[in-house]
Each structure stands twice: as structure tokens, then as C-alpha cells.
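The following exercises concern the arrangement of helices and strands in a molecular model. Each task is followed by a solution in steps.

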There are 2 protein chains.
Amino acid sequence: MTKYVEELIAIIRGNLSREELIDRLFDYHDNDIAEALELLTPEERKRLYSALGAERVAEIFAYLDDGDIYLKELSLKQQAKVISEMDSDDAVDILEEVDDDTKCKILGMLDKEASEDVRLLLSYDEDEIGSYMTTNFILIHNDLTVREAMRELVRQAGENDNISTIYVVDRQEQYYGAIELQDLIIAREHVELEDLISRSYPFVMDHEKISDCIEKIKDYAEDSIPVLLEDRSIGGIITAQDIVEVVDDEMGDDYAKLAGLTAEEDLNETTGESIRKRLPWLVILLFLGMVVSAVVGVFESVVAVLPIVMCFQSLILDMAGNVGTQSLAVTIRVLMDENLTTGQKVKLMFKEMKIGFFNGAILAVMALVFLGAYIHLFKGFTLGYSLMISACVGVSLVGAMVVSSLVGTLTPIFFKKVGVDPAVASGPLITTINDLVAIVVYYGLVAVVLIDIVHLV
Amino acid sequence: MTKYVEELIAIIRGNLSREELIDRLFDYHDNDIAEALELLTPEERKRLYSALGAERVAEIFAYLDDGDIYLKELSLKQQAKVISEMDSDDAVDILEEVDDDTKCKILGMLDKEASEDVRLLLSYDEDEIGSYMTTNFILIHNDLTVREAMRELVRQAGENDNISTIYVVDRQEQYYGAIELQDLIIAREHVELEDLISRSYPFVMDHEKISDCIEKIKDYAEDSIPVLLEDRSIGGIITAQDIVEVVDDEMGDDYAKLAGLTAEEDLNETTGESIRKRLPWLVILLFLGMVVSAVVGVFESVVAVLPIVMCFQSLILDMAGNVGTQSLAVTIRVLMDENLTTGQKVKLMFKEMKIGFFNGAILAVMALVFLGAYIHLFKGFTLGYSLMISACVGVSLVGAMVVSSLVGTLTPIFFKKVGVDPAVASGPLITTINDLVAIVVYYGLVAVVLIDIVHLV
């Protein structure tokens, strides 16, 4: 609990008059008040809601992670009023948590503008950039003078607080460009508005997939970027705060998928939800693991005559897995960040294989020496035979690591090509292929070299 | 290549007069020009630099990933001029890529203000929030009138483009609060400035670790947040664009570490760099793998008398690894996002273990049935014996998965407690412990139940 939150709790519980309470709370950040809300009793909260009024409550609720819980503490009419006052994207975030029945009722009670905005946002898929936009922005026409534009800004700034970029449309309401507020503020009266408008200001289309446009949006590093509808009118804007949220969500998703979670989890999830999220993955992995087991079964006879070799199976499989994961992680990030040409993909593939080979070779030499010594000293084989066994491990390491690098690079490229999310699908397939290759190479080598040729047993 | 970049290339190569060129380029976004730069010849670029002037070049260079390469194309004097014009954090980004000799020379040639700002930023560690701040912001005193504040804003807006929040200090230059530009713009003349100042506007201290304050900064969702120095004066601000960058870096780092990469890699890295980045990890994993191999060696005699059981070793180890990674990933994210009490940590631990147990039990039943059938049908054991073997696999799965969940949760909590980055250190340790536990449980079970008690062989 921060100092500000402590202060807030003391103020709210301090039996102040309504006016004094409002006055004292004016100074605090909505986010701190939101944090304080969670520590109050429902009665204290209700008193606070009525003192603050719908507009401030709307601003505070936008900072809550589970705003739906607190929204319920208001009457349905108040709920609709608060939702009407919210930025459309925040309103949608809360409405999506509310049960369908209440949602319909609230939607019916919103004022016309809020209702239109919210319905528009609800019409987008979760992975479309339109679902993140807000309709809180300043919009002017391109045929105004600088003085008229400034007056229009002041008029709209009461309602809309994303003012650092002013968006411009022509008389057909089509996107025309953008003006930095800074330029407008320091402009002399006689300057033409046209000279202030950046005609090539970046934009995105509402139905663009987030994963396709997020790099572009990040690159422009603007306070906000407009989202155009099909008719090239401005549907809303993506603010820098939205971008933080999108980047956080996207990266969190990637992270979760790499770890074999179907979605990011948090502390408040029930055990049941977590089980359901993780189980599908594990079942797939179990059956793929059975396939690997069946292949190991083919080499049962090798192990039966030379049991020592099975000690190193886990080593080779683990290393192949580690290398495959490294290549996979790098490839997924690269695929997401840039549009690669075929040439670049081939280059990446060879690079990963080279890395796999050189790292494999270094590790193989280490394995040859250390495992050879171990087998000789602790397992009673002659030094020559010990080195032959550890050489098999070393050669298998190199082979497995080169193949793992290749598979770890090609699999995500392939899945991306056929339109499947590479972050989800690649992991299990790569593990299985790597395990199979490593096992066949290793036990195959042992069978041919140690048993058939050297006649170690 | 986007449409804008194509247009830009055509314009720059179009043999326009200098004035016409400047005029045409005015309209384009710095980021697009930065992208176009990479496609021009050095001669074309040099012509462009001199046409655009140091201020615009500085803005464009801020968008380049490898600005140092292009900076070199300017004379040392021009370099210092461009760096002087840049936001201090962007200037530092470029200077960090330049060789030390040139860096010193440039630092000596910067104008006084830029030089002070850059030296301040260079004094911070990479993981301190101060290293991300910019000195581009509007600063006023708290005893101005609204009209004076507005005039001061217009005066400073020529130099500083982060104007959406205006920072306020008292006459001792100590942080006093912040004003939303929107509030200043719509304020009537007779309003006291004091009434517009938010005294509880959030701030961070310059030496705070990024990982400690990034969640707070994200939560406030502001356009910018001030960074205070030890004497409580404002050293700079963190803009929303900086926040995007920090979040992107932090999450990218987590992602890379989870994949066993010491740092995030990109496409342009040389093979040698990638090898060096990945090798340390792999060497550690190799030696830990050798420890596991030695433990497997203890059970050589078990496998020698009943080779079939080694087929399922990879299955149990892989599953334990997968479950451990899931728990690890969840725990690391939770540890990063929130300050957990001991009670919450214990709760998380039990929750993870419960998830491990239930998922393990479900998978164990599947393993019992499917592996039992496989052993009976393909390996020639009686149905009873087959089910006994597959039951050993099933029981080991449950045991291994519960232990993996526990280890996957406790290890990062432990490392965080002792001040080691849990994302880096946890992976290899967890894999090793999980492998060891799984192997001891599985082969131990087989040795005791199948061989000693049932006398399967």
C-alpha cells in the first residue's frame, strides 16, 4: 500500500462533510483512489460513489482490474450513467466481465453516443486493433483557420482528454491528417492551418490484426494513432496507454505460450480454471511422448546388451530440447517483428544450424572428455572403450543439436505460413521430432558402431 | 516497404530544388524518413542531411535502430550538433553505440545544456529508471497565474514537445505537482493555478530499479511521469513512449530467459555473438545433465534385467519438465506483477501442487490404459504384468508432476528472496531437480514393486 492510498483511506474514513471530501479527493490520482476502493467496505464505497459523481467514478473504475464487481454496487441506472461517462474502450472492458443479462440492460440505457461507441467496439474481434480504440479524441475540419481550430480545441477539450494530437478530416469526413497540439499552440494567427497538418501522419485500419500492426504502431512512437473505418473516416484512436496495454498483452501471451500455457494466468484464478488451461497441452504432450516411447522400444535390445548407454539418453534429449527451444524462441520473435523475405528465412535457418553445430561441437568435446573419464573410472570399461562410448554421446549431441536448430527454426516458419499461431503449435511438435531424432541417432550409432563394428559386447 | 517510404524515396531521388525538397519532406513522419534512409546511398543521405538541418535530422535519427552507423556519415561538428538537438535519452541511446574515442570528442563539443543532460543520463545503470528519462518537458513555478502559466507554456513549447502534462516546482525547485494541459487550456482566467495542480500526481525516483517500478508506472497509465532526483527536483520525465519501450524490453528479456537465452537476440546479430550468448547456458545444462546421467547409472541393473521400463523414461522426464516450466512461468510473472505476502506465496505453492496432482492423476489414468495396452499387445507381457508396468509409469507421473509443480514454484521464490534474477537461475536448476526426482521415483518404484515384490523377472 503506497503513502497516497494510506492517506486516501484516512480521508474517506475521516467523517468529513461531503464538500470537504470532494475537495480533498480532487487532488488524488484516480489510480490511487481505485486502489483504495479495494480496501474499503461496501458501505464506505457507496458513500464515496455518491459523493464523487458518475464522471469521476467512471474515471476511477477505468483503473480497476475487476471493475464489474464494484459496478454491481451501483443501481442499474447509475451503472449506465457511469458506463456512459467512460472512455469507450474502458467501458467495453468492464461490460465484457458483466453477465449477459445485465450487459443488455445497461446497453439499452446508455446515452446515444456512448451506446454507438460501445456497440462499435464490441463488434471487433479481440485480436483486431479496433477493439482497443477509444473515441475520446479531438476532431476538426481541414478548412478552419488557426484561430477557429484553437477555439474548437478548447470546446472539445472539456469532453475529451487526449488532446496532444488533433485529428483532421475533410468535409466528406474522410481522414485528412493530424496536427501536433504543440504546433497549434505556438502557431501565429496568420499561418494557414494546412501548413500545420501532417498529411502523412500514420494510421491503422480498424480490422487489422493486432499482431500485424503492433510493430508499426510501436515504431512510430506517437502519443496516439488514428484508427480508420472502411469508409476512411476516423473511428477512434489508439493512445500510447493502449499501446502499453497491447504490448504487455501480446508479449505476455507469447511468454505464456512458450511455457506451454494456453493463456496467461494470474493469482486470482481458481485451481479448476488453471487445470483446464494447462491440461489440453499436457494431454497432447503425453500422447506425443508415447510415440517417442514406442520408438525407444525399438532399441530395447541395444540397451539390453549394453545398459550403460541408457544413462546418457536423458542428457542428449535434454540438450536437444534446450537448443530447439532457443531456436524456436528466436525465430518466433523474429517472425513477429519483421516481414522476412524467403532469402532472410533461409539465412536465418543456416545461421541457427551453424550455431547448433558449433555449440554442439564444443559440448561434444566436453562430453567426450568428462563422460569418457566417468565411464572409465566408475563403470569399469577400458579407457579406449570408454572413449568410444562417450564419442557416441558426443557425435549424437552434435547431430541432435543441428537437427534441433533446424527443426526449431523451420517449424514456426511453416506454421506461420499455413496461418497457425507458431507460438502455440511449435513447442510440442519440436519436442517430439527432436526426441525422435536424438534417440534414433544415438541408439543407432551405438548399435552400429559399438555393437556391430567394435563388438563391445 | 510502406507506401510512404516508397513516396519518400521517389521524392529524394527526384532532383528537386533544396527548397522544394524541404517543403515536400515536411509532411512526412520522421519514422518513415528514418526507414527511407536505410534504402538510400550514402551520397543521397548526405545531401538529405544538409537539406534537412540538424534539428530535423536529430528527430529522424531518434527513430533509427542503429543510428551510430548513419551518425558517422556526418562531420564531428555536425554530429555534436545533431546530438545536442536530440532528446537526451535518444542521444544516450546513440552515444552508447559509438566508439569511446568519438563519444568523448562529441561529449566535449555538445552545448552546455545537452552535455549536462547526457552526462546525467549516462550516470545511471541500465536497470535504473533514470536511464530512460528525457529532459524534454515543460516546467513552471507554482506561484504563477493561469495566464502566466499559459504564456510560459507557449514559450517552452517551441523547445519541448512533451506538453500534455505540465510539471510544477516551488521556488526551491522542489517537485510540487502536475497540471493536465487540458485543464489549463479550458481554465478561465480568474481560476487560481493552485486549483489546477494535482499535488498527488505520481512520480518515481531516479535510482529506482525498473523492475520495481514498472508495474506502478503502467498502472497510472499517464502520458508521462516525473523522475525526481535525490533533492526532490525534477530530473526528467518518463513518457508513455518510454514506457512502451521499457515494457517491451522487460518482457522480451523475460521471454528470452525462459527460452534459455541470456539476452534477446535479433536478426542482425552475427553467428559468433549468438553462439557466445547461448553457450554459457548450454554448458551449465550439460554438466547438470551429466549429474542426472550419473544417477540414471545407479539404476543400470534395473534396466539390465527389465529393459522395457527404459522406454518410458523420456515420457516421465518430459512431462515433469513441461509441468515444471508451466509452474515456473506462472510464478515468475506473479512475482513480477505483485508484492506477495508469505501467506499468498504458500497459497500459490499449494495451488500449483494441486494443479500438478489433478493433471497428473488424469494423465496417469490415460498412461495406465494406453501404455498397458501397448505393452501387452506389442511387447508380449501378460495383461496383468503390462498393467503393473504401466501403473508404475502412472504413479511416477503423478509423483513427478507434483514435485515439479512444487519445485517450479519454490525455486523462483527462493531466488527472488536471495536477490538473484529468478528468470535466469530457475530454469536449469528446476530441470535438474525434476529429472532426478522423476528418475529416482520411477526406477525406484520399478526396482521395489516389479522386481523385488512381484518378481516380474
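## Exercise 1: Two helices of chain B

In this predicted model, helix α2 (residues 18-26) of chain B packs against helix α4 (residues 42-61) of chain B at an angle of about 55°, and their axes are 10 Å apart. Determine how α2(B) and α4(B) are oriented to each other, and state which residues meet.

Solution. Step 1: the packing angle is about 55°. Angles under 35 degrees count as roughly parallel, over 145 as roughly antiparallel and 65 to 115 as roughly perpendicular, while the rest count as oblique. Helices α2(B) and α4(B) are therefore oblique to each other.

Step 2: the crossing in which α2(B) passes α4(B) is right-handed.

Step 3: from α2(B), the residues in the contact are Arg18(B), Leu21(B), Ile22(B), Leu25(B) and Phe26(B); they meet Arg47(B), Leu48(B), Ser50(B), Ala51(B), Leu52(B) and Arg56(B) in α4(B). Sorted by class, this contact has seven nonpolar, one polar and three charged residues.

## Exercise 2: The other side of the comparison, α4(B) and α6(B)

Helix α4(B) also packs with helix α6 (residues 76-85) of chain B, at an angle of about 70° and with the axes 8 Å apart. Classify the orientation of α4(B) and α6(B) and describe their contact.

Solution. Step 1: the angle of about 70° is to be placed among the classes, where 65 to 115 degrees counts as roughly perpendicular. Helices α4(B) and α6(B) are therefore roughly perpendicular to each other.

Step 2: α4(B) and α6(B) cross in a right-handed manner.

Step 3: Ala54(B), Glu55(B), Val57(B), Ala58(B) and Phe61(B) of α4(B) meet Lys81(B), Val82(B) and Glu85(B) of α6(B). The contact residues divide into five nonpolar, no polar and three charged.

## Exercise 3: Domains and a helix pair of chain A

Give the domains assigned to chain A, and work out how α15(A) and α20(A) are oriented to each other.

Solution. Step 1: the domain assignment of chain A gives domain 1 (3-123), domain 2 (138-239) and domain 3 (271-453). Between domain 2 and domain 3 of chain A, the C-alpha centres lie 53 Å apart.

Step 2: helix α15 (residues 271-298) and helix α20 (residues 422-453) of chain A cross at roughly 15°, with axes that come within 10 Å. Helices α15(A) and α20(A) are therefore roughly parallel to each other, and their crossing is right-handed.

Step 3: the contact involves several residues of α15(A), including Trp281(A), Ile284(A) and Leu285(A), and several of α20(A), including Val424(A), Pro428(A) and Asp435(A). By class, the contact of α15(A) with α20(A) divides into 13 nonpolar, one polar and one charged.

## Exercise 4: A sheet in each chain

In what order do the strands of the open sheet of β1, β2 and β3 in chain A stand, and which strands stand at the edges of the open sheet of β4, β5 and β6 in chain B?

Solution. Step 1: in chain A the three strands have the order β1-β2-β3, with mixed pairing. Strands β1 (138-141) and β3 (175-180) of chain A are at the edges; each has a single partner strand, so one side of each lacks a neighbour in the sheet. The twist from one strand to the next averages 30°.

Step 2: β1(A) pairs in the parallel sense with strand β2 (residues 165-169) of chain A over four bridges, and the bridge partner of His141(A) in β2(A) is Val169(A). Helix α10 (residues 146-157) of chain A lies across β1 and β2 of chain A, at about 150° to β1(A).

Step 3: in chain B the order is β4-β5-β6, and the pairing is mixed. The edge strands are β4 (204-205) and β6 (234-239) of chain B, each with a single partner strand. Strand β5 (residues 224-228) of chain B runs antiparallel to β6(B) and is joined to it by five bridges; Ile225(B) stands opposite Ile238(B) in β6(B).

Note on methods: Residues are numbered from 1 along each chain as its sequence is written. Chains are lettered from A and ligands numbered from 1 in the order in which they are written. This is a predicted model: local features need pLDDT of at least 70, side-chain atom pairs count only at pLDDT 80 or more; totals for chains, interfaces and linings use all residues. Side-chain values use heavy atoms; hydrogens and water are left out. Axes are lines fitted to C-alpha atoms, for helices over the stretch in contact, and angles run from 0 to 180 degrees between N-to-C directions. A crossing is left-handed if the near helix is turned anticlockwise from the far one by less than a right angle, and right-handed if clockwise. Contact means heavy atoms within 4.5 Å. Ala, Val, Leu, Ile, Met, Phe, Trp, Tyr, Cys and Pro count as nonpolar, Asp, Glu, Lys and Arg as charged, and the others, Gly among them, as polar. Domain bounds come from an automatic or database domain assignment. Two strands pair if DSSP finds at least two bridges between them.
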